[in-house]
Amino acid sequence: MPSFSSARLSVLACAVASFTLVAGCQSNRPATPPASSAALPTMERVALGANGCWFKSGDPAFKAYRLAPELNSFSGRPRILIVPRRSPEARPLAVIQAEGHPARLQAFGPLLSEPVGTRMTTDVRRWAAGDEGCN
């Protein structure tokens, strides 16, 4: 009988050693993966943030406008356009686009010179950096 319990003890010791070895080899991963810095994922985050925080929320500052995303760009510059709500075919009032990896953001248009432009710029920078919230 003593040999049986020593065999069990050996198996148990091997199992503990194996688990310890495996645990020691695993790397510490961050809880959330870093946001991708390529142009398309960056502009997808910006489009989701703008849509949710500016338009779907019913924000009065954006009531007169509509979001027109153009993320599937063959030029390598995914972008979103802010256009008049009643004339979506009209010239954009604001264009926000990115290109490259890491993404280089550009924003231009007359709406950015309006009082809401400062807020837009701040929000776009936050969303591009990976923040998902509204302010």
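These are my notebook entries on one predicted protein model.

**Ground rules.** I number residues from 1 along each chain as its sequence is written. Because the model is predicted, I take local features only at pLDDT of at least 70 and side-chain atom pairs only at pLDDT 80 or more, while totals for chains, interfaces and linings use all residues; side-chain values use heavy atoms, without hydrogens and water.

**Entry 1: the chain.** I listed the secondary structure and found three helices and four strands. Here helices (H or I, at least four residues) and strands (E, at least two) are DSSP runs, numbered from the N terminus. Read from the N terminus, the order is α-α-β-β-β-β-α. I then looked up burial, where buried means under 20% relative accessible area, exposed over 50%, and partly exposed in between (1.4 Å probe, protein chains only). Of the 135 residues in the chain, 27% are buried. The accessible surface (Shrake-Rupley method, 1.4 Å probe) is about 9200 Å², and carbon and sulfur atoms hold 59% of that surface.

**Entry 2: the sheet.** How are the strands ordered in the sheet? I read the order as E1-E2-E3-E4, in an open sheet with antiparallel pairing. Two strands pair if DSSP finds at least two bridges between them. E1 (65–70) and E4 (104–108) are the edge strands; each has a single partner strand, so one side of each lacks a neighbour in the sheet. From one strand to the next the twist averages 15°.

I checked the bridges next. E1 and E2 are joined by six bridges, and Leu67 stands opposite Ile82 in E2. E2 (residues 79–84) and E3 (residues 94–99) are joined by four. Arg79 has Gln97 in E3 as its bridge partner, and Leu81 has Val95 in E3.

**Entry 3: a helix on the sheet.** Which helix lies across E1, E2, E3 and E4? I found that H2 (residues 39–55) does, at about 30° to E2. For such angles, axes are lines fitted to C-alpha atoms, for helices over the stretch in contact, and the angle runs from 0 to 180 degrees between N-to-C directions.

**Entry 4: the core.** A nonpolar core is a set of buried Ala, Val, Leu, Ile, Met, Phe, Trp, Tyr and Cys residues joined through side-chain atoms within 4.5 Å. The largest one has 23 residues, and Val46, Trp54, Ile80, Ile82 and Met120 touch the most other members. H2, E1, E2, E3 and H3 each give two or more residues to this core. H2 gives the most, with eight residues. In soluble globular proteins, nonpolar side chains tend to be buried together.

I followed Ile80 further, taking contact as heavy atoms within 4.5 Å. Beyond four places in sequence, its contacts include Met43, Val46, Leu67 and Val95.

**Entry 5: helix H3.** H3 (residues 116–128) has 13 residues and should span 18 Å at 1.5 Å a residue (1.5 Å times one less than the number of residues). Its end C-alpha atoms are 18 Å apart, which agrees. Among its buried residues are Met120, Asp123 and Trp127. The cover over the buried residues of H3 includes H2, E2, E3 and E4. After H3 comes Gly130, with a positive phi near 115°.

**Entry 6: Cys53.** Is Cys53 buried or exposed? Cys53 lies in H2 and counts as buried at 7% relative accessibility. Not counting residues up to four places away in sequence, Cys53 touches Asp59, Arg119, Trp127, Gly133 and Cys134. Asn135 is 82 residues from Cys53 in sequence, yet their C-alpha atoms are 8.0 Å apart.
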